[in-house]
Amino acid sequence: LVLLLAASSVQARADAPLPPPQRSTLCSPSKRFCVTSDPLRGTTFAHPAGKADEPLWSIPRWFRVLYLADDPDLLVTGYDGQNLVPLDRPGDIEVLAFWRRGRLVRGHKLSELLPDLGKLQRTASHYHWGNYLGFDSEGNFRVSTVDGHTLVYDPIEAALLRRFRSAG
């Protein structure tokens, strides 16, 4: 599980420019469903694995950071800058958003995930806030923050379930 979470974690490793938007497909942990985000069409849609021509729902937007639950109705998206936020007003950036059948349930600003913005780690041109860890074996969504905490969210309610100090 740890390797799976590490492999699925989206991490910007440096202040290098992000690659241009490109079409991407990511599958749920069970690999039964996938989500495709296409910048040319400006859409993101869920579909059964191998059946992109059978959309279940869509959002009229492209996302760089996205995670689909085993329940294909549930999508989590992250900030386009991944784990780096701009120096200007970083707490106002929505870094986490929960969707159900293509409708926004709730977004979370960085200041909700990391109440003490003084803990942000300065890079050459941004702040590093943490990492997306993805869905766990219980179907909850996890992120880690630079203050050493792991946050566990219920993707149905888009609500924080637990916040605990990470091991290590």
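**Strand pairing and burial in a predicted model**

In E8, the residue that serves as bridge partner of Leu74 is Arg100. This pair belongs to a predicted model, and it is one of the contacts through which strand E6, residues 74-78, is joined to strand E8, residues 94-100, the two strands pairing in the antiparallel sense over 5 bridges. A further position along E6 is Leu75, which stands opposite Trp99 in E8. Leu75 also has a counterpart in strand E5, where Leu68 stands opposite it. Strand E5, which covers residues 66-68, runs antiparallel to E6 and is joined to it by 3 bridges, and the connection between E5 and E6 is a hairpin that passes through 5 residues.

These pairings form part of an open sheet of 4 strands, in which the order is E5-E6-E8-E9 and the pairing is antiparallel. The edges of this sheet are taken by E5 and by strand E9, residues 103-109; each of them has a single partner strand, so one side of each is left without a neighbour in the sheet. From one strand to the next, the twist in this sheet averages 15 degrees.

The surroundings of E6 can be described residue by residue. In a regular strand the side chains alternate between the two faces of the sheet. For E6, both faces are covered, since Leu74, Val76 and Gly78 on one side and Leu75 and Thr77 on the other are all buried. Because 5 of the 5 residues of E6 are buried, the strand is largely enclosed by the rest of the structure.

A second open sheet is likewise described by its strand order, which is E1-E2-E3-E4, with 4 strands and antiparallel pairing. Strand E1, residues 24-27, and strand E4 stand at the edges of this sheet, and as each has a single partner strand, one side of each is left without a neighbour in the sheet. The twist here averages 20 degrees from one strand to the next. Within the sheet, strand E2, residues 33-38, and strand E3 pair in the antiparallel sense over 6 bridges, and among the residues involved is Ser37, whose bridge partner in E3 is Thr44.

The loop between strand E3 (43-48) and strand E4 (57-59) contains Pro55. When residues up to four places away in sequence are not counted, Pro55 touches Phe45, Ala46 and His47. By contrast with these contacts, Gly81 lies 26 residues from Pro55 along the chain, and the C-alpha atoms of Pro55 and Gly81 are separated by 27 Å.

A search of the whole structure finds 1 disulfide. It is formed by Cys27 and Cys34, whose sulfur atoms are 2.0 Å apart, and the link of Cys27 and Cys34 is right-handed, with 75 degrees about the S-S bond. The two cysteines fall into separate classes of accessibility. Cys27 has a relative accessible area of 28% and is therefore partly exposed, whereas Cys34, with a relative accessible area of 3%, is buried.

Taken as a whole, the protein has 2 helices and 15 strands. Its C-alpha trace spans about 45 × 35 × 30 Å along the principal axes. For 168 residues, a compact globule would have a radius of gyration near 15 Å, and the value of 15 Å found for the protein therefore agrees with that expectation. Of the 168 residues, 46% count as buried. Among contacts in the protein with a separation of 6 or more, 40% are accounted for by residues 24 or more positions apart.

The confidence of the prediction should be kept in view when these features are read. The protein averages a pLDDT of 91, and 91% of the residues score at least 70. Over residues 1-13, however, the pLDDT is below 50, although this stretch has 21 contacts in the model beyond near neighbours in sequence.

Definitions and conventions. Residues are numbered from 1 along each chain as its sequence is written. This is a predicted model: local features need pLDDT of at least 70, side-chain atom pairs count only at pLDDT 80 or more; totals for chains, interfaces and linings use all residues. Side-chain values use heavy atoms; hydrogens and water are left out. pLDDT is the predictor's confidence in each residue, from 0 to 100. Contact means heavy atoms within 4.5 Å. A disulfide is a pair of cysteine sulfur atoms within 2.5 Å. Buried means under 20% relative accessible area, exposed over 50%, partly exposed in between (1.4 Å probe, protein chains only). Two strands pair if DSSP finds at least two bridges between them. Axes are lines fitted to C-alpha atoms, for helices over the stretch in contact, and angles run from 0 to 180 degrees between N-to-C directions. The radius of gyration is taken over C-alpha atoms; the globule rule is 2.2 Å times the number of residues to the power 0.38.
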